[in-house]
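Please look at the model shown below and keep its sequence at hand. The questions after it ask how certain descriptions are justified.

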Amino acid sequence: MDVVQRRTVRTMTLAQIFSALGNGSTLALGSILAVDLSGNDAFAGTTTTALTLAPALLAVPLSTLAVRRGRRTALTTGLAAATLGTVLIVGATVWRLFPLLLLGAFLVGVASAVNLQARFAATDLARPEHRGRDLSLVVWAVTIGAVAGPNMVVLGAALAQAVGLPVEAGPFLISGAGMVLGAVLLQVGLRPDPLLLRQALDAAPSVARSAPAAAGPAAIARPSVRDGWAAVRGSTRARAALTVLLAAHTAMVAVMSMTPLHLQHVAGATAGGPAFLTIVGFTISLHVAGMYALSPVMGWSADRFGGGVTALGGLAVLLVAVGFAGIGQDSITTVTIGLVLLGLGWSAATIAGSALLVEAVPPARRVTAQGLSDALMSGAGALGSLAAGFVMGLSGYGVLNVVMAVLVGGVAVHAGRTLLGGHRARG
């Protein structure tokens with residue numbers, strides 16, 4: 001089983017590098033394209049909303065597909081949809097169709113559901129003492145693709161001009177090719193499928209204890225989403241972990257999605273300026289690097305010091321991040337520092353919170369509980385980005401960061417007693 005686990009982690013790591021290209025490009029250019037094509041600043045958050053709404057709606061169906069057909073089928077299906085999304089975004093830039101941009105962003109967002117599910121795929125066969133480490137290694141792999149995505153502006157512009165497309169379309173051509181390659185890697189490398197193997201191993205003891213008449217292929221239990229919800233509701237630590245995941249993701253998406261537009265206002269640049277797009281791409285790349293580059297450190301911390309301590313530490317970093325971004329909103333450098341800290345805080349809270357959730361629910365219900373948490377996370381992010389656009393339009397970037405500070409601080413106080421109490425009990 002250890003051999004299969006190592007191969008699974010290697011395959012997921014390579015696939016994540018390529019599949020993450022699309023999200024990075026959409027995050028960097030989405031709000032600018034939305035304003036450009038719609039002609040209204042109030043719609044700045046709509047592409048990020050669409051991007052995060054997809055995993056909110058499709059995370060549970062993808063997890064259900066994984067339970068029935070395995071991780072390989074679920075993940076490659078998601079990447080196929082995301083590839084189509086990049087094609088639609090290219091079409092939106094050519095025909096200047098705002099609704100087509102939103103549809104494309106929605107489908108590209110399915111790659112987010114794939115990336116979220118991928119981190120749990122690394123835990124299917126992981127040893128309990130290495131669960132945080134294996135999960136974080138797959139999360140870390142997103143760094144390369146997600147950081148490269150926003151910086152594809154120059155290369156993408158050259159490619160777009162060579163084929164007669166708008167400059168903004170170039171990064172999405174590269175993103176689509178990366179997703180295709182990621183799907184191929186998953187199809188080839190996830191054999192045997194880790195989740196199907198885990199299900200077979202879990203079913204084997206019950207088959208051995210059953211009557212002779214039951215001999216033969218085992219009927220593996222297929223838990224429902226309702227089972228996953230019941231498992232989360234039945235555990236105070238699972239509920240606390242889920243609350244941390246929701247708060248961290250909401251704050252990160254809300255602030256991050258409005259930052260490109262805010263930087264445009266600070267710099268006084270136009271949406272079509274290649275030099276400004278490069279600045280935005282670099283800023284978002286640093287933020288994404290904060291999200292993923294230190295993932296192995298966050299996983300080690302969760303294994304070594306406990307998921308509760310690491311998750312709450314992540315919320316503390318998020319508070320510092322929104323403080324930097326809000327107070328120093330007139331400085332591109334200070335906002336960038338805040339965005340890097342925002343990524344680091346999200347990384348710690350998400351990796352530790354995910355490991356806590358896996359630990360807190362019964363093995364038979366983990367996959368559906370994971371799908372439920374991914375859906376709720378993405379839904380919270382979608383609402384956060386949509387609300388952020390209105391807050392930004394009404395009160396500005398500084399007030400947006402104050403609102404997120406109140407949210408994160410409240411959750412830290414609410415969940416802290418449960419998570420730290422559980423950590424002391426284990427110690």
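Q: What makes a set of residues here count as the largest nonpolar core, and which members touch the most others?
A: A nonpolar core is a set of buried Ala, Val, Leu, Ile, Met, Phe, Trp, Tyr and Cys residues joined through side-chain atoms within 4.5 Å, where buried means under 20% relative accessible area, exposed over 50% and partly exposed in between (1.4 Å probe, protein chains only). The largest such set has 54 residues, of which Leu 315, Leu 342 and Tyr 397 touch the most other members. Helix 12 (residues 236-267) gives the largest share, 14 residues, a helix being a DSSP run of H or I with at least four residues, numbered from the N terminus. This is a predicted model, in which local features need pLDDT of at least 70 and side-chain atom pairs count only at pLDDT 80 or more, while totals for chains, interfaces and linings use all residues. Residues are numbered from 1 along each chain as its sequence is written, and side-chain values use heavy atoms, with hydrogens and water left out.

Q: Why is Arg 96 called partly exposed?
A: Its relative accessible area is 47%, which lies between the two limits given above, so Arg 96 is partly exposed. Arg 96 lies in the loop between helix 4 (71-95) and helix 5 (98-108), and its phi is positive, near 55 degrees, although Arg 96 is not a glycine.

Q: Where does helix 3 have a kink?
A: The kink, of about 45 degrees, lies at Leu 58, shortly before Pro 61; the bend at a residue is the angle between axes fitted to the seven residues ending there and the seven starting there.

Note on methods: Helices (H or I, at least four residues) and strands (E, at least two) are DSSP runs, numbered from the N terminus.
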